[in-house]
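Reader: I am new to this structure and would like to understand the reasoning behind the terms used to describe it. May I ask about them one by one?

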Amino acid sequence: MPLDTTTFRNVINGELTSTATTRHGVNPANKEPNPEVPVATQEDLDRAVKAARAAFKKWSKTTYEERRKAIFAYADTLEAHTDDLAALLTREQGKPLDQARQEVGMAIVWVRSLPTIEIPETVVSDKDDCKIVHRYTPLGVAGAIVPWNFPVVLALGKIIPAIYTGNSVIVKPSPFTPYCGLKIAELAIPHFPPGVFQALSGGDDLGPMLTDHPGIDKISFTGSTVTGRRVMASCAKTLKRVTLELGGNDAAIVCPDVDLDKIIPNLAVLSFLCSSQICMMVKRLYVHSSIYDAFLAKFTEVVKAFKIGEGTEDGAFIGPVQNGMQFEKAKELFSTIQSENLTAALGGQISESKGYFIPPTIIDNPPESSRVVQEEPFAPILPVLKWDDEDDVIARANASESGLGASVWTKDLEKGQRIADQLEAGNVWVNTHFEVSPFTPFGGHKSSGIGSEWGLPGLVSYCNSQSVWVKKA
């Protein structure tokens, strides 16, 4: 049965509910309005928290196997609606349809994989007089605050760890992309007890309501570093547990021994996928001076061939940026090309169109101090910079308050490992970038975040550590 993508409701205590006030997002490819969605109030949140706390009492007592069974059945339902969700994702987020299908497919892999990770219970000591066991117990109610760039996989990447570890969860989609978030919660209704998995659409005030609420025990937030600091400050009032996955300014270091024809197509995609609106895209590309000119010429030709267009157009690779706010930020950053006397090897100008389209832009060897190097653009503009000295390029790559991802590209794996070992980032790759797995912890260093998502560390971040001492005498 096709998914209804015309009507959208909050999910509270297993029921579809609306609100007196509604709002709507827009399709970023044409600025046309998407359907109305609820605007949750404090009262709506209070009802959801009350239901979540009641559900937690029973759900936390279920076994891991019982939770797995429910989650796997939910994954089957999601998979049955892959095409509907992908089309809805393109409509609300703007990414090309094939990239939307990849995101939904990736999310389903995460849903099926995360519950296969065993949560350990360790016997620390077992002697004649005393047994000591270390284990993990669920926290209670989790709040999942989801961004607009990957609203499906980043929602489910928070929801499933929370539910699998015995918690209930309330998901808050971004106001810019609420549609898929509400639908994945609606599809979950038959699979989980009321109150275990809820979703609230709202405005900018809903996030602070979640982080302030005394009935919520943990917040998992993905978004900007600026907002992440506010989230952490708010959570401190009630000593909530918090996981923050924040911005990045990923550096990629290209060594002189690489095969240009082999790596350039990969680097081009890894720099401009999703119109560069990914925290782990390559955002600073350091190329050895001995191959710089040849690299830049070939790289520019590959990027120039990327088709710009609405996500439903065949072959489109560069869709619009997601919203007007981001579009205006990008225009302001693009203005520095002229004000800072930078050289654009490709693009460099934003023309008005029916949507929030920005042509991919490559900046030729800008100063390290330029804004396009120092800031995370979250738009398709990439500085390509020369380097000669290994110690110097490592220092330049590390000279950022961000520390999310970084990569090294070389045929010499010993050299690649040596450079990788010195990079200050939570995720470091050699000869690739933006590789992720549900089994591998993902998180940032420095201002790119606190804690980890995914893998065993991500799962136990939804738990309390508990040591149990049993005296036998």
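Author: A salt bridge requires a side-chain nitrogen of Lys or Arg within 4 Å of a carboxyl oxygen of Asp or Glu. Please bear in mind throughout that the model is predicted.

Reader: What makes Arg-371 and Glu-375 a salt bridge?

Author: The N to O distance between the side chains of Arg-371 and Glu-375 is 2.7 Å. The cut-off is 4 Å, and the pair therefore meets the rule for a salt bridge.

Reader: Which other side chain meets Arg-371 in a salt bridge?

Author: Glu-332 does, with an N to O distance of 2.7 Å. This pair links distant parts of the chain, since Glu-332 belongs to helix α11 (residues 324-334) and Arg-371 to helix α13 (residues 371-374), 39 residues apart.

Reader: Why is Arg-371 called partly exposed?

Author: Its relative accessibility is 23%. Buried would require a value under 20%, and exposed a value over 50%; Arg-371 therefore counts as partly exposed. The same reasoning holds for Glu-332, at 41%, and for Glu-375, at 31%.

Reader: How do you know that Arg-68 and Glu-65 form a salt bridge?

Author: The closest N and O atoms of Arg-68 and Glu-65 are 3.0 Å apart, and the limit is 4 Å; the pair therefore qualifies. The two residues stand three apart in helix α2 (residues 64-80), so about one helical turn separates them.

Reader: Is Arg-68 buried or exposed?

Author: Arg-68 has a relative accessible area of 11%. Because buried means under 20%, Arg-68 is buried. Arg-68 also takes part in a network of salt bridges that links Glu-65, Arg-68 and Glu-118.

Reader: How many salt bridges does the rule give?

Author: The count comes to 25 salt bridges.

Reader: What makes Ser-201 a buried residue?

Author: The relative accessible area of Ser-201 is 1%. The term buried applies under 20%, and Ser-201 therefore falls into that class. Ser-201 lies in the loop between β9 (197-199) and α7 (206-212).

Reader: Which backbone oxygen does the side chain of Ser-201 reach?

Author: The side chain of Ser-201 reaches the backbone oxygen of Pro-38, at 2.8 Å. A polar contact calls for N or O atoms within 3.5 Å, and the distance of 2.8 Å satisfies that limit. Leaving aside residues up to four places away in sequence, Ser-201 touches several residues, including Asn-10, Val-37, Pro-38 and Leu-206.

Reader: What lines the largest pocket?

Author: Its lining consists of 45 residues, of which Gly-223, Ser-224, Thr-225, Thr-227 and Lys-329 lie nearest the centre. Two or more lining residues come from each of α7, β10 (218-222), α8 (225-236), α11 and α13. Helix α8 gives the most, with seven residues. The space in this pocket is about 1400 Å³. By class, the lining has 17 nonpolar, 17 polar and eleven charged residues.

Reader: What makes a space a cavity and not a pocket?

Author: In a cavity, a 1.4 Å probe fits but cannot get out, whereas a pocket is open. The structure holds five cavities of 30 Å³ or more. The largest cavity contains about 130 Å³ of space. Its lining has 13 residues, and Phe-150, Leu-154, Met-280, Phe-434 and Trp-454 lie nearest its centre. The lining divides into eleven nonpolar residues, one polar and one charged.

Reader: What is the volume of the second largest cavity?

Author: The second largest cavity has a volume of about 80 Å³. It is lined by 15 residues, with Arg-284, Ala-397, Ser-402, Gly-405 and Glu-424 nearest its centre. The elements α14 (390-398), β19 (402-403) and β20 (405-409) each give two or more residues to this lining. By class, the lining has six nonpolar, five polar and four charged residues.

Reader: Why is a positive phi worth pointing out in a residue that is not a glycine?

Author: Most residues other than glycine have a negative phi. Phe-434 is not a glycine, yet its phi is positive, at about 60°. Phe-434 is found in the loop between β21 (427-430) and β22 (445-446). Asn-365 likewise has a positive phi, of about 45°, and is placed in the loop between β17 (361-364) and α13. With a relative accessible area of 32%, Asn-365 is partly exposed.

How values were computed: Residues are numbered from 1 along each chain as its sequence is written. This is a predicted model: local features need pLDDT of at least 70, side-chain atom pairs count only at pLDDT 80 or more; totals for chains, interfaces and linings use all residues. Side-chain values use heavy atoms; hydrogens and water are left out. Helices (H or I, at least four residues) and strands (E, at least two) are DSSP runs, numbered from the N terminus. Buried means under 20% relative accessible area, exposed over 50%, partly exposed in between (1.4 Å probe, protein chains only). A polar contact is a pair of N or O atoms within 3.5 Å; within protein, one must be able to donate a hydrogen and the other to accept it, and residues adjacent in sequence count only if both atoms are side-chain atoms. Contact means heavy atoms within 4.5 Å. On a 1 Å grid over the protein atoms alone, a cavity is a set of points where a 1.4 Å probe fits but cannot get out, and a pocket is an open set with protein on both sides within 12 Å along at least five of seven lines; lining residues have an atom within 4 Å of a point. Grid points are joined across faces, edges and corners, and a volume is the space filled by probe spheres set on the points. Ala, Val, Leu, Ile, Met, Phe, Trp, Tyr, Cys and Pro count as nonpolar, Asp, Glu, Lys and Arg as charged, and the others, Gly among them, as polar.
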